[in-house]
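Student: Please take a close look at a single strand and its surroundings. I would like the cut-offs spelled out as you go.

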Amino acid sequence: MSSFLYLASDMPFKEVKNPHFRQISIDEAIALGAEFPDYILNSGRSRPETVLWHDRKSLADASLDSDCEELDDDFEISPFGKEGEDILTQKKYCAGISFGPGDCSCIRGRARRIAAYIREHLKQAGEVELWHIWLGDAYPPPRIQKVHIPMDGLDASVIERVYALNPPEPVAAYTAAAAKEWGIEEDELEAGTQYCYVIASSCMIPG
């Protein structure tokens with residue numbers, strides 16, 4: 001399970017690809033400084049599009065990257081089908097937001113571009129929801145915490161604030177049937193929280 005940032009709207013989203021990713025062969029990755037265990041090196045080293053590579057480093061080593069270099073376009077927005085109990089929006093269309101490898105504690109430049117993307121989308125849509133959730137929290141039903149803001153109030157700081165909410169992992173995320181079968185009491189289960197910022201193109205914001 002992991003936290004997940006996504007957009008929801010009644011209008012379809014345009015895809016934004018991360019220009020810093022490319023797929024290369026294992027041999028090409030080695031030439032760029034990557035290291036792999038022997039079982040990977042034993043076959044298919046020259047086969048193209050085997051390794052997903054980022055300008056700064058391989059995703060295989062991303063957890064070791066502790067620098068905070070800002071790349072304004074180091075993100076992607078990917079439309080996806082609304083499936084699963086953890087996607088609770090009532091909007092028809094969804095798109096996930098993800099960043100490149102490394103430390104995402106400084107995302108001001110990327111947040112600025114994402115805010116501009118949302119404002120552009122709002123030229124055709126009445127409102128856009130920006131969600132930060134914990135994937136896989138099926139039971140008990142999560143709490144939904146909503147904040148409404150006008151489009152004029154949307155800037156990079158809003159994106160940073162939603163990203164920093166970091167929904168906590170629930171103590172348990174079992175189905176009701178599994179909880180009963182395993183002898184888990186209802187009061188032992190902790191509901192998760194899904195955070196949703198609703199950005200409206202109109203100045204009419206619910207009280």
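Tutor: Here is a walk through strand S8 and what surrounds it. This is a predicted model, where local features need pLDDT of at least 70, side-chain atom pairs count only at pLDDT 80 or more, and totals for chains, interfaces and linings use all residues. Residues are numbered from 1 along each chain as its sequence is written, and side-chain values use heavy atoms, leaving out hydrogens and water.

Start with the strand itself. S8 covers residues 193-200. Helices (H or I, at least four residues) and strands (E, at least two) are DSSP runs, numbered from the N terminus. Eight of the eight residues of S8 are buried, so the strand is largely enclosed by the rest of the structure. Buried means under 20% relative accessible area, exposed over 50%, and partly exposed in between, with a 1.4 Å probe and protein chains only. Thr193, Tyr195, Tyr197 and Ile199 point one way, while Gln194, Cys196, Val198 and Ala200 point the other way. Cys196 has 0% relative accessibility.

Now the neighbours in the sheet. Two strands pair if DSSP finds at least two bridges between them. Strand S6 (residues 127-134) runs antiparallel to S8, joined by six bridges. Val128 has Ile199 as its bridge partner in S8, and Trp131 has Cys196. Strand S7 (residues 143-150) runs parallel to S8, with eight bridges. There, Gln145 is partnered with Tyr195.

The whole sheet is open, with six strands in the order S4-S5-S1-S6-S8-S7 and mixed pairing. Its edge strands are S4 (75-80) and S7, each pairing on one side only. From one strand to the next, the twist averages 25°. Axes are lines fitted to C-alpha atoms, for helices over the stretch in contact, and angles run from 0 to 180 degrees between N-to-C directions.

Next, the helices. Helix H3 (residues 108-121) packs on the sheet, touching S1 (3-9), S4, S5 (93-99) and S6. Its direction makes about 35° with that of S4. Contact means heavy atoms within 4.5 Å. Helix H4 (residues 156-164) lies across S1, S5, S6, S7 and S8, at about 30° to S6. Ala156, Val158, Ile159, Glu160 and Val162 of H4 are buried. Their cover includes S1, H3, S6, S7 and S8.

S8 also takes part in the packing of nonpolar side chains. A nonpolar core is a set of buried Ala, Val, Leu, Ile, Met, Phe, Trp, Tyr and Cys residues joined through side-chain atoms within 4.5 Å. The largest one has 25 residues; Leu7, Ile97, Ile118, Leu130, Leu154 and Ile159 have the most contacts inside it. Elements giving two or more residues are S1, S4, S5, H3, S6, H4 and S8. H3 gives the largest share, five residues. Beyond four places in sequence, Leu130 contacts residues including Tyr195, Cys196, Tyr197 and Ile199. Another core, apart from the largest, has eight residues, among them Ala8, Ile87, Cys94 and Ile133.

Last, the cysteines. Cys94 is buried, at 2% relative accessible area. The whole structure has zero disulfides, a disulfide being a pair of cysteine sulfur atoms within 2.5 Å. Cys94 is one of the residues touched by Thr89, which lies in the loop between S4 and S5.
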